[in-house]
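User: Hey, can you walk me through this model? I'm new to this, so plain words please.

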Amino acid sequence: MFIFIAIPAFVSAPSNVRNIVLSPLFWPYALAGLTGLTGLGLLATGLRAPKLVSKAASDFEGTKAAYLRLLGAATIMLVTVFIMPRLGLVWTAMLVFVSTAFLVRTSHPITALVCAIIIPLVLYAFFAHVAGVAIPQGNFVRLP
């Protein structure tokens, strides 16, 4: 229900986008629908899965490290709010991606670093140059 209230009320599409696939109005619906389908799939898989008798090796009993990670995630979110107007959306997304990947101790740090650089740049190139949507730029380094 949130999909049908929030997206029409808060997402606007520029009038110069003629193709629905390139429109910023299309993608929130597409992503919300895919997220809903993924959630339903996870629910169905969880209900069908047998209950485990023993704990997995990744289960962690200590709550101190969990609270520290939670504090780290909250700090990343708070810092994001303050640096985004100064650095811009793309550079902030890169920094948040890297810091979050290392906060959760990724087992693929090189892949996380490469994805942190490539994904925001590709999304910026698509939305700024193909779809014609203005992406917030920072005060220091501006992308073409």
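**Helices, a loop and a ring pair**

Analyst: Sure, and keep in mind that this is a predicted model. Let's start with α4 and α5: their axes come within 9 Å and cross at roughly 155°.

User: So how do α4 and α5 run, roughly parallel or roughly antiparallel?

Analyst: Roughly antiparallel. Angles over 145 degrees count that way, and α4 and α5 cross at roughly 155°.

User: And which hand does the crossing of α4 and α5 have?

Analyst: The crossing is right-handed.

User: Which residues meet there, in α4 and α5?

Analyst: From α4 you have V90, A93, M94, F97, V98, A101 and F102. On the α5 side they meet P109, A112, L113, C115, A116, I117, I119, P120, L121 and Y124. The residues of this contact split into 17 nonpolar, no polar and no charged.

User: OK, what about α3 and α4, how do their axes cross?

Analyst: Helix α3 covers residues 63-87, and its axis comes within 9 Å of the α4 axis, crossing at roughly 170°. That makes α3 roughly antiparallel to α4. α3 passes α4 in a right-handed crossing.

User: Who's touching whom between α3 and α4?

Analyst: In α3 it's R69, G72, A73, I76, T80, I83, M84 and L87. They meet L89, W91, T92, L95, V96, S99, T100 and L103 in α4. The residues of this contact divide into 10 nonpolar, 5 polar and 1 charged.

User: Switching topic: where is R105?

Analyst: R105 is in the loop between α4 (89-103) and α5 (109-130).

User: What's its phi like?

Analyst: R105 has a positive phi of about 55°, although it isn't a glycine. For background, most residues other than glycine have a negative phi.

User: Is R105 buried or exposed?

Analyst: Exposed: its relative accessible area is 65%, and the cut-off for exposed is over 50%.

User: Last thing, how many aromatic pairs are there?

Analyst: The structure holds 1 aromatic pair. F126 and F127 form it, with 4.9 Å centre to centre and 80° between the planes.

User: What do you call that arrangement of F126 and F127?

Analyst: Edge-to-face. That label applies because planes over 60 degrees apart count as edge-to-face, and the planes of F126 and F127 are 80° apart.

User: And how exposed are F126 and F127?

Analyst: F126 is partly exposed, with a relative accessible area of 25%. F127 is partly exposed too, at 21%.

Notes: Residues numbered from 1 in each chain as written. Predicted model: local features only at pLDDT ≥ 70, side-chain atom pairs only at ≥ 80, totals over all residues. Heavy atoms only, no water. Helix = DSSP H or I, 4+ residues; strand = E, 2+ residues; numbered from the N terminus. Buried < 20%, exposed > 50% of the residue type's maximum accessible area, 1.4 Å probe, protein only. Axes fitted to C-alpha atoms, helices over the stretch in contact; angles between N-to-C directions. Parallel < 35°, antiparallel > 145°, perpendicular 65-115°, else oblique. Left-handed = near helix turned anticlockwise from the far one by under 90°. Contact = heavy atoms within 4.5 Å. Nonpolar A, V, L, I, M, F, W, Y, C, P; charged D, E, K, R; others polar. Phe/Tyr/Trp six-rings, centres within 6.5 Å; stacked < 30°, edge-to-face > 60°.
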